[in-house]
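Hello,

Here is the structure I said I would pass on. My notes on the fold follow below the display.

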Amino acid sequence: MTGQRDLRALLSGMRPERNEGRYVFASVPGAVPEGLTPVVTVSEPEGRTLVIHQEEADRAGLAYDYVAAWITLRVHSALDAVGLTAAVATALAQAGLSCNVVAGFHHDHLFVPYAAADEALRRLRALADQA
């Protein structure tokens, strides 16, 4: 299945959808600790970043300082598509909203401040409507 590359089609078809829950970014020195189910992992020289449910981080005693809502763009974007991340980040930045983007094989995933999730969804839907 080939992903979409056309920016107008990507934007008009992104169908942002909020995933339930609160998510946090935590760092661990090695492997993912037993009992945790991260939705994202990133290996860096300084440690392994885990994006996990806030409740899991709390139970495991992991430190974090950013609580996010997880929004999935339902359009199947090609990994080599140009402009989607920039357009989304610009629209959210114009509203003063931070956005951490993770590309999956099929979809792009946005982690935005939890308290601003509804505003982020409004901005993303407006961006799609404009396309």
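**Sheet, helices and annotated spans**

Strand 2 and strand 3 (residues 47–53) run antiparallel and are joined by 5 bridges. Please keep in mind that this is a predicted model. The link between strand 2 and strand 3 is a hairpin of 2 residues. Two of the pairings can be looked up directly: Thr-41 has Leu-50 of strand 3 as its bridge partner, and Glu-44 has Gly-47, also in strand 3.

These two strands belong to an open sheet of 6 strands, in the order 2-3-1-4-6-5, with antiparallel pairing. Strand 2 (40–44) and strand 5 (100–103) are the edge strands; each has a single partner strand, so one side of each has no neighbour in the sheet. From one strand to the next, the twist averages 30°. As background, strands of a sheet pair through backbone hydrogen bonds, either parallel or antiparallel.

At the strand 5 edge, strand 5 and strand 6 run antiparallel and are joined by 4 bridges. They form a hairpin as well, with 4 residues between them. One pairing to check there is Val-101, whose bridge partner in strand 6 is Leu-110.

For the middle of the strand order, Asn-19 is a useful residue to select. Asn-19 lies in strand 1 and touches Trp-70, Ile-71 and Thr-72, leaving aside residues up to four places away in sequence. Asn-19 and Thr-72 are 53 residues apart in sequence, while their C-alpha atoms are 7.2 Å apart in space.

Two helices lie across the sheet strands. Helix 3 lies across strand 4 (67–73), strand 5 and strand 6 (108–113), and runs at about 15° to strand 6. Helix 4 lies across strand 1 (16–28), strand 4 and strand 6, and runs at about 125° to strand 1. Strand 4 and strand 6 therefore appear in both lists. 

How do the two helices meet? The axes of helix 3 (residues 84–94) and helix 4 (residues 117–130) come within 10 Å and cross at roughly 130°. That crossing angle makes helix 3 oblique to helix 4. The crossing is right-handed. On the helix 3 side, the contact is made by Ala-87, Val-88, Ala-91 and Leu-92; on the helix 4 side, by Ala-120, Arg-123, Leu-124 and Leu-127. By class, the contact has 7 nonpolar residues, 1 charged residue and no polar ones.

The UniProt record, an unreviewed entry, lists two domains that you may want to map onto the model. It gives "domain: DUF2241" for residues 2–68. In the model, that span is 19% helix and 40% strand, and its end C-alpha atoms lie 30 Å apart. The record gives "domain: CASTOR ACT" for residues 69–125. That second span is 35% helix and 26% strand, with its end C-alpha atoms 16 Å apart.

If you want a starting view, I suggest the pairing of strand 2 with strand 3, then the crossing of helix 3 and helix 4.

Regards

Key: Residues numbered from 1 in each chain as written. Predicted model: local features only at pLDDT ≥ 70, side-chain atom pairs only at ≥ 80, totals over all residues. Heavy atoms only, no water. UniProt positions renumbered as here; feature names shortened; annotations may be inferred. Axes fitted to C-alpha atoms, helices over the stretch in contact; angles between N-to-C directions. Parallel < 35°, antiparallel > 145°, perpendicular 65-115°, else oblique. Left-handed = near helix turned anticlockwise from the far one by under 90°. Contact = heavy atoms within 4.5 Å. Nonpolar A, V, L, I, M, F, W, Y, C, P; charged D, E, K, R; others polar. Pairing = 2+ DSSP bridges.
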